[in-house]
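Welcome to a short tour of a protein chain. We begin with the whole and then stop at a handful of residues.

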Amino acid sequence: FDITGARMNVAGDIPPIRDTSAHFDLTGPVATIAIKSGTSYFPSGRSVGLGQGTFILPATYDKPLMADIDLAVSGAADAVGELLTYRPIRVLQRAGFTPDDLKGRIEANVKAHFGLLSSQNPPPAEWTAAMKLTDIDLAKPFSGRTISNLDGTLNGNPKRITLDAKAQIDGVPADIDLTEPVEASDTAVRQRVITATLSEDQRNKLIPGLSGIVGGSVKMVLTRIDDARQDVQLDLTKSLLELPWIGWSKGSGIAATAEFETSGPADNTQIKNFRLKGDGFGANGSMNIGKGGLISADFDSVKLSSLDDFALSVKRSKGNFDVSVSGDSADARPVIARLKSGSGDGDDDGDGGDTGVSVRARLKNVIGFNDEKIGNFQAQVSLRGDKLQALNFSAVTDSGEAVVSQMKDGGVINIT
């Protein structure tokens, strides 16, 4: 028989369905209610609409008396979120959210297998929820980030929640792939992968402090390691990469990737296990970055050309860089080219013109233009912007002759 305008109790603490339109069928021990429409009103004043679904008692003679529901639910995001707080589902609060945190619209399909009478000691409820999320905003930050304009799918069960969506993170468009355990003791692996292609301004929002090293657009993949760390993978092919302390740069269009672990706040970000890879160049090490840029860096392996094999340490103090270079060999041509191209008058158009760089080097071999090589190289070089302040070095030529350079007052360089 058909049912119209009826009230139907569903499960657990979920408020009853009112104004129910349905068809009831009893065949032997199986009772089936085919729901056409209805509305569930919550104590908060929120409500959700129900579309076509079923409420089935598969074995009315058995104990415990069990039921299966398959419901199509739609409504405002906060209302559907409130539905997910009621027993037997109770998943929203365990994910760390409240209904007030959700803005937008959700269409959901909820399935559950549960006992109707607690006095019969039924087994724990089994349920799944598959939700289509449209234009969702989170009222409070998630992992310290503002999430807005989220569209995608959210699936949940008693063990885990998974999210596959597109959203804006701090205003930056990104793809989100997330898995969160519902219970702290659950064995489900927590996962968070964020993929985005960032313009320069967007990169400065998500990864502040790299403006003096990376320029242009970057393709980024962020993967959660634990509560304190995340893995960062960068495709730097379309980016300008520059190490101004040693006169090296990579232009846009030259393939390169970087991967590292990052932790800490924006004003003191720790970068560990840094690995830069490109065609004929690479570097491994660690960095410390603040909002104003690089604080320090230690690279135990640097190979910016086929001739390079050295370690590099950089420390920044009051806007100036102190650089230490040591190792087997270094290609000096980028440094020589920078010194030759300097105007000698500095650069007054921006901060770069006032940046001081002091380089101390100790290398077994240094290679220059035309493959000229000198050994036992020790040097101290100071620059202010592009203006050479000091150039003092000593080395031994292939023929065994000593070479010494000193920069006198007035910028005169004496080589003996």
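Helices and strands here are DSSP runs numbered from the N terminus, with at least four residues (H or I) for a helix and at least two (E) for a strand. By that count, the protein chain holds three helices and 28 strands. The radius of gyration is 32 Å, well over the 22 Å that the globule rule gives for 416 residues, so the chain is more spread out than a compact globule. Please keep in mind that this is a predicted model.

**The chain as a whole**

The C-alpha trace spans about 110 × 40 × 30 Å along its principal axes. Of the 416 residues in the chain, 40% are buried. The accessible surface comes to about 21400 Å², and carbon and sulfur atoms account for 49% of that surface. If we take the contacts between residues at least 6 apart in sequence, 41% of them join residues at least 24 apart. As for charge, the chain carries 44 positive and 53 negative charges, and the mean positions of the two sets are 3 Å apart.

**Two buried residues**

Let us start with Ser-329, which sits in strand 23 (residues 320-331). Is Ser-329 buried or exposed? Its relative accessible area is 14%, and since buried means under 20%, Ser-329 counts as buried. The side chain of Ser-329 reaches the backbone oxygen of Leu-307 at 2.7 Å. Leu-307 also appears among the contacts of Ser-329 beyond four places in sequence, together with Asp-308, Asp-309, Phe-310, Leu-363, Asn-365 and Ile-367.

Arg-224 belongs to strand 14 (residues 218-224). With a relative accessible area of 13%, Arg-224 is buried as well. Which side chain makes a polar contact with the side chain of Arg-224? The partner is Asp-227, at 2.5 Å. Leaving aside neighbours within four places in sequence, Arg-224 is in contact with Arg-190, Arg-192, Arg-229 and Gln-230.

**Two partly exposed residues**

Gly-28 lies in the loop between strand 2 (17-27) and strand 3 (30-41). The relative accessibility of Gly-28 is 45%, which makes this residue partly exposed.

Pro-173 is part of strand 11 (residues 172-181). Pro-173 is likewise partly exposed, with a relative accessible area of 44%. Not counting residues up to four places away in sequence, Pro-173 touches Ala-167, Gln-168, Ala-196 and Gln-202.

**One more strand residue, and some distances**

Ser-296 is placed in strand 21 (residues 293-303). Its contacts, again without neighbours within four places in sequence, are Met-287, Asn-288, Val-314 and Lys-315.

The table sets out C-alpha separations for three of the residues visited above, alongside their spacing along the chain.

| Residue pair | Apart in sequence | C-alpha to C-alpha |
|---|---|---|
| Gly-28 and Ala-59 | 31 residues | 8.8 Å |
| Ser-296 and Glu-401 | 105 residues | 37 Å |
| Pro-173 and Phe-1 | 172 residues | 51 Å |

To gather the threads: the radius of gyration of 32 Å, well over the 22 Å of the globule rule, describes a chain more spread out than a compact globule, and its C-alpha trace spans about 110 × 40 × 30 Å. Within this chain, Ser-329 and Arg-224 are buried, whereas Gly-28 and Pro-173 are partly exposed.

Note on methods: Residues are numbered from 1 along each chain as its sequence is written. This is a predicted model: local features need pLDDT of at least 70, side-chain atom pairs count only at pLDDT 80 or more; totals for chains, interfaces and linings use all residues. Side-chain values use heavy atoms; hydrogens and water are left out. The radius of gyration is taken over C-alpha atoms; the globule rule is 2.2 Å times the number of residues to the power 0.38. Buried means under 20% relative accessible area, exposed over 50%, partly exposed in between (1.4 Å probe, protein chains only). Contact means heavy atoms within 4.5 Å. Accessible areas come from the Shrake-Rupley method with a 1.4 Å probe; for residues, only the protein chains shown count as cover. Lys and Arg count as positive and Asp and Glu as negative; His and the chain ends are not counted. The place of a charge is taken as NZ of Lys, CZ of Arg, CG of Asp or CD of Glu. A polar contact is a pair of N or O atoms within 3.5 Å; within protein, one must be able to donate a hydrogen and the other to accept it, and residues adjacent in sequence count only if both atoms are side-chain atoms.
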